[in-house]
Amino acid sequence: IESLRSLYHSLIADLPPSHRHLLGVSLLHARSRDDIWHLRAQLFDAISMSFGEQIARDRIHKLDALLR
């Protein structure tokens, strides 16, 4: 799970502070791979609002690769 947390942090590193904080708090409460899986929609929304859907899809793809 630590590798997932690390990747997640790298995926949100350039988001605005408010989004980064909210996602970071959610990640702190994640205890399993399933918990991180359930954060995908929130992650996608935050990234797409900041950078567009294509970049969000690319980043989510990286997370999905580790979740498999």
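User: At what angle do α4 and α5 pack, and how far apart are their axes?

Analyst: Before the value, a word on what is being read: this is a predicted model, in which local features need pLDDT of at least 70 and side-chain atom pairs count only at pLDDT 80 or more, while totals for chains, interfaces and linings use all residues. Residues are numbered from 1 along each chain as its sequence is written, and side-chain values use heavy atoms, with hydrogens and water left out. Helices (H or I, at least four residues) are DSSP runs numbered from the N terminus, as are strands (E, at least two). Axes are lines fitted to C-alpha atoms, for helices over the stretch in contact, and angles run from 0 to 180 degrees between N-to-C directions. Here α4 and α5 pack at an angle of about 150 degrees, and their axes are 7 Å apart.

User: How is that orientation described in words, and which hand does the crossing have?

Analyst: Angles under 35 degrees count as roughly parallel, over 145 as roughly antiparallel, 65 to 115 as roughly perpendicular and the rest as oblique. The helices α4 and α5 are therefore roughly antiparallel to each other. As for the hand, a crossing is left-handed if the near helix is turned anticlockwise from the far one by less than a right angle, and right-handed if clockwise; α4 passes α5 in a right-handed crossing. Contact means heavy atoms within 4.5 Å, and the residues that make it include R40, L43, F44 and S48 of α4, together with E53, A56, R59 and D64 of α5.

User: What surrounds S48 in that interface, and is S48 buried or exposed?

Analyst: Burial is read from relative accessible area, where buried means under 20%, exposed over 50% and partly exposed in between, using a 1.4 Å probe and protein chains only. S48 lies in helix α4 and is buried, with a relative accessible area of 19%. Neighbours within four places in sequence left aside, S48 is in contact with E53 and A56. A polar atom of its side chain also lies 3.1 Å from the backbone oxygen of D45; a polar contact is a pair of N or O atoms within 3.5 Å, where within protein one must be able to donate a hydrogen and the other to accept it, and residues adjacent in sequence count only if both atoms are side-chain atoms.

User: How many salt bridges are found in the whole structure?

Analyst: Side chains of opposite charge can pair when their charged atoms come close. The criterion for a salt bridge is a side-chain nitrogen of Lys or Arg within 4 Å of a carboxyl oxygen of Asp or Glu, and a search of the whole structure finds 4. One of them joins D64 to R40, with the closest N and O atoms 2.7 Å apart. Because D64 lies in helix α5 and R40 in helix α4 (residues 40-51), this pair ties together parts that are 24 residues apart in sequence. D64 counts as buried, at 13% relative accessibility.

User: Which residue forms a salt bridge with R59, and where do the two partners lie?

Analyst: R59 pairs with D14, the closest N and O atoms being 2.9 Å apart. The pair links distant parts of the chain, 45 residues apart, since R59 is in helix α5 (residues 53-67) and D14 in the loop between α1 and α2 (17-29). R59 counts as buried at 14% relative accessibility, whereas D14, at 42%, is partly exposed.

User: How far apart in sequence are E2 and R5, and what else does R5 reach?

Analyst: E2 and R5 form a salt bridge whose closest N and O atoms are 3.4 Å apart. Being 3 residues apart in helix α1 (residues 2-12), they are separated by about one helical turn. E2 is exposed, with a relative accessible area of 54%, while R5 is buried, with 14%. The side chain of R5 reaches the backbone oxygen of A30 at 2.4 Å. Apart from neighbours within four places in sequence, R5 is in contact with L27, L28, A30, R31 and I36.

User: Where is L27 found, and is L27 buried or exposed?

Analyst: L27 is found in helix α2 and is buried, with a relative accessible area of 2%. Its contacts beyond four places in sequence are R5, Y8, H9, I36 and L39. The C-alpha atoms of L27 and L39 are separated by 7.8 Å, with the two residues 12 apart along the chain.
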